[in-house]
Amino acid sequence: MQEVYTKEETQSFKVGVYVALIILAIIAYKALTANTVEHADNGTYYALNARFGRTDGLLVGNKVRMAGVTIGKVVDAKLDDHFNAIMTVEIKEGINIPDDSSASIVSSGLMGSKYIEIEPGGSEDYLAPGDEFSYTQDAMVIEELLDRIVSMGKAKRSPKEVEEMEKELDM
């Protein structure tokens with residue numbers, strides 16, 4: 001026996017299929033254009049490099065900030081011969097960065113996206129296009145931070161307290 005659908009059920013099914021196709025098209029478009037980095041103001045930029053041991057969560061397209069103000073974007077990421085990450089950033093023309101400045105990978109909140117924060121140095125000489133930051137600080141991994149906090153807490157407790165806590169956890 002063949003099942004017959006009402007006109008409303010058939011129309012609802014067609015609408016569902018069209019919506020699913022539109023969502024898939026949007027996802028495909030975003031996936032194909034994810035690696036292109038465009039600056040909103042289409043101004044002039046110059047490139048600098050920063051070498052990090054680990055960049056967990058920092059992606060091409062993420063922001064570069066100084067004093068909380070966005071001054072550029074990450075435009076490229078590659079590995080050097082010693083397996084360090086070299087991040088290329090584009091900085092707005094006219095923003096001079098002292099050559100003793102540092103670049104750190106920080107997070108905008110506990111689960112927020114990563115970005116590069118530049119701490120300006122005191123030098124009167126500036127980084128030229130294509131130069132590299134002398135001082136960098138790698139991304140902090142949340143799991144490592146939590147492990148450090150737990151170990152500091154254990155270190156402040158007496159061995160007897162730690163032993164009692166471990167016995168309670170084993171039960």
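Asp56 is partly exposed in this predicted model, with a relative accessible area of 32%. Its side chain meets that of Arg54 in a salt bridge, at 2.5 Å from N to O. Arg54 is likewise partly exposed, its relative accessible area being 34%. Between these two residues in the sequence comes Thr55, which lies in the loop between strand E1 (45–52) and E2. With a relative accessible area of 18%, Thr55 falls under the 20% limit and is therefore buried. Leaving aside residues up to four places away in sequence, Thr55 touches Ala85, Met87, Ile105 and Ala139.

With this small region in view, it helps to step back to the whole chain. The chain has three helices and seven strands. Read from the N terminus, the order of elements is α-β-β-β-β-β-β-β-α-α. Of the 171 residues in the chain, 22% are buried. Among contacts with a separation of 6 or more, 65% are made by residues 24 or more positions apart. The accessible surface of the chain amounts to about 12,600 Å², and carbon and sulfur atoms contribute 56% of this surface.

The salt bridges come next. The count for the chain is three. Besides the pair formed by Arg54 and Asp56, there is one between Asp80 and Arg51, whose side chains meet at 2.5 Å, N to O. This pair links distant parts of the chain, with Asp80 in the loop between strand E3 (69–79) and strand E4 (85–92) and Arg51 in strand E1, 29 residues apart. Asp80 has a relative accessibility of 14%, so this residue counts as buried. Arg51, at 29% relative accessibility, counts as partly exposed.

Arg51 also takes part in a salt bridge with Glu132, where the side chains meet at 2.9 Å, N to O. Here too, distant parts of the chain are linked: Arg51 belongs to strand E1, whereas Glu132 sits in the loop between E6 and strand E7 (135–137), 81 residues apart. Glu132 is partly exposed, with a relative accessible area of 31%. Taken together, Arg51, Asp80 and Glu132 are linked in a network of salt bridges.

Strand E4 is a good place to begin with the pairing of strands. Six of the eight residues of E4 are buried, leaving the strand mostly covered. E4 runs antiparallel to E1, and eight bridges join the two. Within this pairing, Ala47 has Glu90 in E4 as its bridge partner. E3 also pairs with E4 in the antiparallel sense, over seven bridges. In E4, Thr88 is the residue that stands opposite Asp76. E3 and E4 form a hairpin with five residues between them. In the turn of this hairpin, Phe83 has a positive phi of about 65°. Asp80, met above as a salt-bridge partner of Arg51, is in the loop between these same two strands, E3 and E4.

Strand E6 (residues 114–119) has five of its six residues buried, so E6 is largely enclosed by the rest of the structure. Two pairings of E6 can be described. Strand E2 (residues 63–66) runs parallel to E6, and three bridges join them. In this pairing, Val64 has Ile116 in E6 as its bridge partner. Strand E5 (residues 102–107) pairs with E6 in the antiparallel sense over six bridges. Here the bridge partner of Ala103 is Ile118, again in E6. Strand E5 can also be tied back to the start of this account: Ile105, a residue within the 102–107 range of E5, is one of the residues that Thr55 touches.

A final feature concerns the surface. Phe13, Val15, Val17, Tyr18, Val19, Leu21, Ile23, Leu24 and Ile27 make up a nonpolar surface patch of about 900 Å². One of these residues, Ile27, is found in helix H1 (residues 7–33). The relative accessibility of Ile27 is 51%, which is over the 50% limit, so Ile27 counts as exposed.

Definitions and conventions:
Residues are numbered from 1 along each chain as its sequence is written. This is a predicted model: local features need pLDDT of at least 70, side-chain atom pairs count only at pLDDT 80 or more; totals for chains, interfaces and linings use all residues. Side-chain values use heavy atoms; hydrogens and water are left out. Buried means under 20% relative accessible area, exposed over 50%, partly exposed in between (1.4 Å probe, protein chains only). Helices (H or I, at least four residues) and strands (E, at least two) are DSSP runs, numbered from the N terminus. Two strands pair if DSSP finds at least two bridges between them. Patches are made of residues with over 30% relative accessible area and no salt bridge: like charges are joined within 9 Å, nonpolar side chains (Val, Leu, Ile, Met, Phe, Trp, Tyr) within 5 Å. Accessible areas come from the Shrake-Rupley method with a 1.4 Å probe; for residues, only the protein chains shown count as cover. A salt bridge is a side-chain nitrogen of Lys or Arg within 4 Å of a carboxyl oxygen of Asp or Glu. Contact means heavy atoms within 4.5 Å.
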